[in-house]
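Got the viewer open? Load the model, keep the selection box handy, and follow along stop by stop.

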Amino acid sequence: MAISLKIKGNKRTNEGIGNDLVSIGDNRFPVNDAQYPGTKGFTDFIVIRHLPDKSIYTVVTKNVTPCDSNREGTLYVSVAVPVKEHVKGLFNLLIELQNAYKSTCMNYDGTMYHFLSRNDSPQPFEEIMASHPVERYPFKPVVTSDDLSAKAYLFMSPEQICDLLDDPMRGEFSRFGEVVLVPVADPSQYVSTINIPAKIWRSYKIFVNGRQTGQVLSDPTKVVTITLPETSTHKSASVTFSIAGARETRVPGIAIDDEAQIIYLNIKPEAKPAPVVHDSIPSGDKPNKKKSNTMTIALIAGVVVIAIAAAAYFFLLSPKSAEQSLNPGILLPVDSAPNVVPPLPTDSLSKQSTDTLPTDTAIPTDPTDPKVSNDPEDAKNAKDTKNSNPPKAADTKDPKLNFEADLTKINSAEAQSFRTIKELYRNRTNHTEHTGYKSYNDKVEFVDGVVKYIESLKNGNIKPDEYKKQISAFAQKAKALGLNKLGEKLGERIKNPAKINESIKESKKF
């Protein structure tokens, strides 16, 4: 079995928690007996430790007593998971194991749980563990600190704890020896040690044919289209996919490196057929070399005779030549020279019609250079890209492409119009070279998602409870991203329960 279980507790007064009450699998992992003063009197909470080779998840129950006294005791139900594995539904597994032990090995008097004196049986726990599949954990592992005195307390709803345990490796945890998740009904009434979102969307860079596009994709369910525009030698080619869809169906030409957070695409555009050149001489008629040479000599001789005659007329008989011979110092003015327009290069027209872009992002016309569109319809309209206008080069004087100006706008998102937010979203990839782009991009993508949700409220299909839950989640994430005023603005939408329906109807501003 990939995961292991260890249950410990103060079953008898003088024994402490030295002996394992239940042990399944490899029990060689530590269970820390601590008081956890930051839990503020809560009797049940979850403790996380990430070791180099395994992660330990422990449900702690405080309202218990030994079987032979009424002294206060503690029950620890711990699950150890190997570092590159993950239990699907980990939160539910921990709660089921805790409830199973309480119901089979303890008595409850209405306020306290009391250990039974008989030996505990492991059978129900093996069945529960077998019912939860173990899968590969794809992301980069995190190790918590060796300093167990450094504890982080996170006050979250049970739903938020469930989301966090679905992806428990957070870089912020490395500063602490243990992370304590305390379930509460209203997390806003408590102050957590660190402020992190319960559910995160990891940003993936997109590489096409070995080259980075500068685009990122975070939402695993979002469908995007990657387009290679048409060139003079290759036809346009497009691939439409989502991260979740690519994982489930294993789309050919798409590889996802979760640990490095990169999506690799291999797109092979179809080459255009070479133009057919027809021979002006019928294949059955072979030219006569002697006849051809004779005609060439005669043609050259005729041209020479004509040239000599024209020169003689010009210098001897032409009136203008005579006039000029009398006035050798007079020259033709520069303006009288005929206007000569140099011919366009033969590639100019084809380049103008083929080096085009399907949307608003500047992409070179090399068949290996991609363009990312967030509109699923672009897959069908890729053939129309040859009629679009080439994009302007990035101009730092253009306020739409000024990183500092755009950063100021997104940091005060609550004061911006929805139109401004959409412009920031469209122009965000112009700033990929700037320091702090990732943080900026996360904010822009998040606020754009909030705008789209609020605009969808005009459909009138949102239930008040779902609306309150979603807005609350938005407000929390806004504060986690440092957009505190936006978080407060969103919180005002659900602050007054009597005006929820009126709030839902407001779909044109934050």
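**Two loops with positive phi**

Start by selecting Asn 209, which sits in the loop between β12 (204-208) and β13 (211-217). This is a predicted model, so take the backbone angles as computed from its coordinates. Asn 209 is not a glycine, yet its phi is positive, about 50°. Is Asn 209 buried, partly exposed or exposed? Partly exposed: its relative accessible area is 24%.

Now jump to Lys 40, in the loop between β2 (22-24) and β3 (44-50). Lys 40 is another residue other than glycine with a positive phi, near 55°. Colour by accessibility and Lys 40 comes out as exposed, with a relative accessible area of 55%.

**Zoom out for a moment**

Show the whole thing as a cartoon. You should find 13 helices and 18 strands. The protein has 510 residues, and 39% of them count as buried. If you put a surface on, the protein exposes about 29600 Å², with carbon and sulfur atoms supplying 54% of that area.

A contact map is worth a look here too. Take the contacts with a separation of 6 or more: 66% of them are between residues 24 or more positions apart.

**Colour by confidence**

Switch to pLDDT colouring. The average for the protein is 81, and 78% of the residues score at least 70. Which stretches fall below 50? Select residues 319-368, where pLDDT stays under 50 and the model has 51 contacts beyond four places in sequence. Then add residues 375-400, also below 50, with 33 contacts in the model beyond near neighbours in sequence. A word of caution: where pLDDT is low, the predicted coordinates should not be read in detail.

**The aromatic stops**

Hide everything but the Phe, Tyr and Trp side chains. The count comes to 12 aromatic pairs. Centre on Tyr 36 and Phe 45: their ring centres are 5.4 Å apart and their planes meet at 70°, so this pair is edge-to-face. Tyr 36 and Phe 45 are both buried.

Next, select Tyr 453 and Phe 474. This aromatic pair is edge-to-face as well, 5.5 Å centre to centre with 70° between the planes. Turn the cartoon back on: Tyr 453 belongs to helix α10 (residues 437-456) and Phe 474 to helix α11 (residues 464-480), so the pair ties together parts that are 21 residues apart in sequence. Tyr 453 is buried, at 15% relative accessible area, and Phe 474 counts as buried at 13%.

For a cluster, pick Phe 42, Phe 155 and Tyr 190, which together form one aromatic cluster.

**Charges over rings**

Which residue has its charged end over the ring of Phe 29? Select Lys 6: the charged end of Lys 6 sits 4.5 Å from the ring centre of Phe 29. Then try Arg 202, which lies over the face of Phe 139 at 4.0 Å from the ring centre.

**Two buried small residues**

Go to Ser 157, in the loop between β10 (151-156) and α3 (158-166). At 12% relative accessibility, Ser 157 counts as buried. What does Ser 157 touch, leaving aside its neighbours within four places in sequence? Show the side chains of Val 184 and Pro 187, since those are its contacts.

Then move to Ala 237, in strand β15 (residues 237-241). Ala 237 is buried too, with a relative accessible area of 12%. Beyond its neighbours within four places in sequence, Ala 237 is in contact with Ile 226, Thr 227, Leu 228, Ile 267 and Pro 269. Draw a C-alpha to C-alpha distance from Ala 237 to Glu 270: you get 7.5 Å in space for two residues 33 apart in sequence.

**Last stop: the cysteines**

Finish with the sulfur atoms. A disulfide is a covalent bond between the sulfur atoms of two cysteines. How many disulfides does the structure hold? The number is 0. Two cysteines to click on are Cys 67, partly exposed with a relative accessible area of 28%, and Cys 162, which counts as partly exposed at 23% relative accessibility.

Note on methods. Residues are numbered from 1 along each chain as its sequence is written. This is a predicted model: local features need pLDDT of at least 70, side-chain atom pairs count only at pLDDT 80 or more; totals for chains, interfaces and linings use all residues. Side-chain values use heavy atoms; hydrogens and water are left out. A disulfide is a pair of cysteine sulfur atoms within 2.5 Å. Buried means under 20% relative accessible area, exposed over 50%, partly exposed in between (1.4 Å probe, protein chains only). Helices (H or I, at least four residues) and strands (E, at least two) are DSSP runs, numbered from the N terminus. Contact means heavy atoms within 4.5 Å. Accessible areas come from the Shrake-Rupley method with a 1.4 Å probe; for residues, only the protein chains shown count as cover. Rings of Phe, Tyr and Trp (its six-membered ring) pair if their centres lie within 6.5 Å; planes under 30 degrees apart count as stacked, over 60 as edge-to-face and the rest as tilted. A charge sits over a ring if NZ of Lys or CZ of Arg is within 6 Å of the ring centre and within 35 degrees of the ring normal. pLDDT is the predictor's confidence in each residue, from 0 to 100.
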